[in-house]
Amino acid sequence: MRILLQFPEGLKEKALEYSRKLEAEGNEVFVSASPTYGACDLAIDEAKAIKAEKLVHYGHAEFHHVDFNVEYVFYTVDAPMDILERSLEQLKPFRTIGLVTTVQHVHQLEKAREFYESRGKEVIIGRPYGFAKQKGQILGCDIGSAASIDSKVDAHVYFGGGIFHPLGAVLHTSKPFLAIEPFTNTIEFMDHYREKYRKRSRGKIAASVDAKKFGIVVSTKNGQHNMNLAKLLKERIESSGFEAAILVSNNVDFQSLENMREFDAFVNTACPRIAVDDITRIGRPMLSANELMEVLTLREKK
Ligand code: SF4
């Protein structure tokens, strides 16, 4: 069988090892060298271009159904859990805690639950909204496992690497949020990010109130494509008396957007985290759809 392999950046170093294994089984194997952001970003066009019969996507769970033969190969990581003992000090004031993690460690959540319950805590593990598939799992764009239990817990606990995944959950919850990073051996509350990002959002809205020309960014990535939203936003902008164009690309490239000097502000309909994490990569405001609505409402009141 002709197969295209796709790896997230952290697993690309294993490309040769995996392709040789599949070749030894009699397959004709190719490897995608494009950047890969998640299962929202399947290399289906590349697979079709080389007439592959299957895409093997490593490191992420299924995001949503696509009309192509895709095999998802999970990559679980056993993170050291002895750090949980140290977190008890920070969690002393909280009786009921919610646990979340990434797909790589979701198999360790039950062990974490057992640990905290044996120390007198009540533990709740929530369900994602839909893009993430497993209980307690969060993605940068699916924080349901934390947000759905926010009213029931005294604090949230994230166990896993980095702050990309928990940051979305922090911004969409209201309770104290403890991040336990077993690889760097750090434990810290992330609550201060709420005010920081609220300020950033208010800054973007203030910087857009005089904008007249908007570029609406649409990604062609399978799990990020939202042309319907882009069209609605364009109509809404135009009905307020301003101009808008829909800008289509597979990978949102900030330098290319910078070169589009006509636009006073951009609106993101692709990965929702672009309008949160990447706004310092461009000199003009990059608004979310909700922020655009606030801008237009403010303009109408003027
Ligand atoms: S956060 Fe963005 S990159 Fe990650 S899975 Fe969601 S849409 Fe894809």
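Two strands count as paired if DSSP finds at least two bridges between them. I start there because strand pairing, in that sense of at least two bridges, comes up several times in this talk. The model itself is predicted.

Take strand 12, residues 265–268. On one side, strand 10, residues 213–219, pairs with strand 12 in the parallel sense, over four bridges. One contact to look for is Gly215, whose bridge partner in strand 12 is Phe266. Strand 12 also pairs with strand 13, residues 286–287, again in the parallel sense, here over two bridges. Val267 has Leu287 as its bridge partner in strand 13. As for the side chains, Ala265 and Val267 point one way from strand 12, while Phe266 and Asn268 point the other way. All four of these residues are buried.

Now the domains. The chain is divided into domain 1, 2–73, domain 2, 83–190, and domain 3, 197–301. Between the centres of domain 2 and domain 3, taken over C-alpha atoms, there are 31 Å. Four residues from domain 2 and four residues from domain 3 make up the contact. On the domain 2 side that touches domain 3, two residues are nonpolar, two are polar and none is charged.

Next, strand 7, residues 155–159. Is it enclosed or open, and why? Five of its five residues are buried, so strand 7 is largely enclosed by the rest of the structure. Ala155, Val157 and Phe159 point one way from the strand, and His156 and Tyr158 the other way. Strand 7 pairs in the parallel sense with strand 5, residues 96–100, over four bridges. There, Gly98 has His156 of strand 7 as its bridge partner. Strand 7 also runs parallel to strand 8, residues 177–181, and four bridges join the two. Phe159 is bridged to Ile180 in strand 8. With helix 6, residues 164–171, strands 7 and 8 make a right-handed β-α-β unit.

Two single residues follow. Phe177 lies in strand 8. Phe177 has 26 other C-beta atoms within 10 Å, so it is buried. Leaving aside neighbours within four places in sequence, the contacts of Phe177 are His156, Pro166, Val170, Phe189, Met190 and Asp191. So His156 turns up twice: as the bridge partner of Gly98, and as a contact of Phe177.

Ser87 is in helix 3, residues 83–90. How many C-beta neighbours does Ser87 have inside 10 Å? There are 20, and Ser87 therefore counts as buried, the cut-off being 20 or more. Again leaving aside neighbours within four places in sequence, Ser87 is in contact with Leu178, Ile180 and Ile187. Ile180 is also the bridge partner of Phe159.

Last, the ligand. Which residues surround it? They are Tyr37, Gly38, Cys40, Leu139, Gly140, Cys141, Gly223, Gln224, Cys271 and Arg273. By type, that shell holds five nonpolar residues, four polar and one charged. The two residues I just described can be placed against members of the shell. From Phe177 to Gly223 the C-alpha separation is 28 Å, with their positions 46 residues apart along the chain. From Ser87 to Cys141 it is 26 Å, C-alpha to C-alpha, and the two are 54 residues apart in sequence.

Terms used. Residues are numbered from 1 along each chain as its sequence is written. This is a predicted model: local features need pLDDT of at least 70, side-chain atom pairs count only at pLDDT 80 or more; totals for chains, interfaces and linings use all residues. A residue is near a molecule or strand if its C-beta atom, placed from the backbone, lies within 6 Å of it. Ala, Val, Leu, Ile, Met, Phe, Trp, Tyr, Cys and Pro count as nonpolar, Asp, Glu, Lys and Arg as charged, and the others, Gly among them, as polar. A residue is buried if 20 or more other C-beta atoms lie within 10 Å of its own, exposed if 12 or fewer, and partly exposed in between; C-beta atoms are placed from the backbone. A crossover is right-handed if, with the strands pointing away from the viewer, the path from the first strand over the helix to the second runs clockwise. Domain bounds come from an automatic or database domain assignment. Two residues are in contact if their C-beta atoms, placed from the backbone, lie within 7 Å.
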